[in-house]
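These are my notebook entries from a first walk through a new structure. Come along and follow each entry with the model open beside you.

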Amino acid sequence: MKNQSNLTSIQLMLFIIQTQIGVGVLGLPFNVFSVSKGDAWISVLLAGIVVQSFITIFWVLGRRFPSKSLFQYSIQLVGKAGGTFINVSYVFYGLLVTSLILMYSTAIIKTWVLTLTPKWIIMLLLMGTAIYLGKELLSDICNVYVVVSGLIFFLIMISIVVLFMYPVDWRYLLPIGQSGGVNILKGVKEAYFSMLGFELLLFLFPYFQHNGVRSVLFSATMANLFVTLMYAFLTIVSLITFSPEELVIIPQPVLYYVKSLYLQIVERVDLVFVSLWVVSVITSLTSYLFLSTEGSTHIFKRIKRPVITIFFGSLSFIIALVPNKASQMDLYNKWVLNISYLFVLVIPFILLGVSFIFKKKERGKRV
């Protein structure tokens with residue numbers, strides 16, 4: 001954490017946003033609609049509330065150890081053996097999510113843009129860029145995120161144009177609540193998966209606590225609010241652009257309604273959209289590479305940071321190459337997303353419970 005005290009609250013907010021917005025932004029409307037139907041936008045908003053509750057829990061835990069990340073206070077809370085096991089688990093969690101992002105983003109790029117290009121070349125280009133950025137210090141990564149964050153607004157602007165240039169039907173949203181409470185809650189689960197990335201707050205807290213612990217919570221909350229509203233907006237646009245019969249068979253509705261646009265100065269707007277979206281994919285890859293690298297630097301202190309990043313990037317590349325069929329990718333996807341509950345919900349709650357029960361906190365720090 002040396003020489004990184006100049007990190008700002010804005011950088012924390014953008015880091016979380018750039019991590020959350022990735023592959024899920026294209027498929028979320030389809031995934032949630034498959035369960036919640038016309039109430040998919042409600043499920044997205046409720047998912048944002050659920051994510052906010054997790055963020056609050058992470059903040060309470062981080063507030064008790066403001067100058068330490070989970071990789072450090074886990075050993076203090078559950079002992080060296082238990083803490084090391086937790087740390088190693090998070091390192092591999094970052095590795096698995098990195099591979100998941102890489103394989104799905106490659107599949108989309110190959111389908112929409114580079115149909116004849118071997119997937120290993122696409123993966124190599126994505127992962128090579130992520131490694132190049134991920135080997136740097138957090139301050140350098142955050143600076144890049146600040147620069148590229150403006151591209152997100154272009155993605156939103158393109159979707160706004162759809163509302164004025166494409167025949168939409170707002171009646172597809174009615175009646176509100178038509179799918180029932182149970183299906184809406186099931187849709188929350190689908191939306192939650194696309195919002196993963198907020199859990200990195202567990203490891204970012206000590207880098208930004210000098211701005212004030214309340215500022216950390218505010219930044220994370222604003223990031224979650226932005227992502228939730230953006231996803232809800234894209235879901236609504238998808239719902240009113242396509243009929244329920246069409247949405248069932250369109251896996252990436254965002255790309256399909258963008259493709260329908262016709263601008264005299266741009267022939268294929270969807271290719272522009274994909275080009276901007278690729279930047280968000282790379283930032284998500286970089287963030288999870290940072291997670292694995294950060295954990296490994298605490299476990300193997302003698303190994304240089306760039307070496308660790310290259311190792312995990314290469315390992316993620318190899319894992320992402322294994323699934324050859326869509327069914328295999330879906331199986332890997334379900335497996336990774338199911339174990340995410342362990343790292344987002346179970347472990348943080350256990351550590352928080354231990355810290356309160358045994359009254360453990362960082363000495364000399366306010367809580």
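**Entry: Ser-260.** I began by asking whether Ser-260 is buried, exposed or partly exposed. In this predicted model, Ser-260 counts as partly exposed because its relative accessibility is 32%, and buried would need a value under 20%. I found Ser-260 in the loop between α12 (253-259) and α13. I also looked up its distance to Gly-24: the two C-alpha atoms are separated by 21 Å, with their positions 236 residues apart along the chain.

**Entry: helix α6.** Next I turned to α6, which covers residues 138-148. I noted Leu-138, Ser-139, Ile-141, Cys-142, Tyr-145 and Val-148 as buried there. What do these buried residues pack against? I listed α1 (9-20), α5 (119-134), α7 (150-165), α9 (201-208) and α13 (269-299).

**Entry: salt bridges.** How many salt bridges are there? I counted three.
- Glu-136 and Lys-135 meet at 2.6 Å, N to O. Glu-136 is partly exposed at 27% relative accessibility, and Lys-135 is partly exposed at 25%.
- Arg-171 and Asp-169 meet at 3.0 Å, N to O. Here Arg-171 is exposed at 63%, whereas Asp-169 is buried at 19%.
- Arg-305 and Glu-294 meet at 3.3 Å, N to O. Arg-305 lies in α14 (residues 305-321) and Glu-294 in α13, so this pair ties together parts eleven residues apart in sequence. Both Arg-305 and Glu-294 are buried.

**Entry: aromatic pairs.** I then looked at the rings and found 21 aromatic pairs in the structure. One of them joins Phe-15 and Phe-290 edge-to-face, at 6.0 Å centre to centre and 70 degrees between the planes. Because Phe-15 lies in α1 and Phe-290 in α13, the pair ties together parts that are 275 residues apart in sequence. Phe-15 is buried at 1% relative accessible area, and Phe-290 is buried at 2%.

I looked up Phe-58 and Phe-198 as well: this pair is stacked, at 6.1 Å centre to centre and 15 degrees between the planes. Phe-58 belongs to α3 (residues 40-64), while Phe-198 sits in the loop between α8 (181-194) and α9, 140 residues apart. Phe-58 counts as buried at 2%, and Phe-198 counts as buried at 1%. Ring pairs link these two with Phe-54, Tyr-192, Phe-193 and Tyr-341 into a cluster.

**Entry: charges over rings.** Last, I checked charges against ring faces. Lys-37 lies over the face of Phe-33, 5.3 Å from the ring centre. The charged end of Arg-64 sits over the ring of Phe-356, at 4.2 Å from its centre.

Definitions and conventions:
Residues numbered from 1 in each chain as written. Predicted model: local features only at pLDDT ≥ 70, side-chain atom pairs only at ≥ 80, totals over all residues. Heavy atoms only, no water. Buried < 20%, exposed > 50% of the residue type's maximum accessible area, 1.4 Å probe, protein only. Helix = DSSP H or I, 4+ residues; strand = E, 2+ residues; numbered from the N terminus. Contact = heavy atoms within 4.5 Å. Salt bridge = Lys/Arg side-chain N within 4 Å of Asp/Glu carboxyl O. Phe/Tyr/Trp six-rings, centres within 6.5 Å; stacked < 30°, edge-to-face > 60°. Lys NZ or Arg CZ within 6 Å of the ring centre and 35° of its normal.
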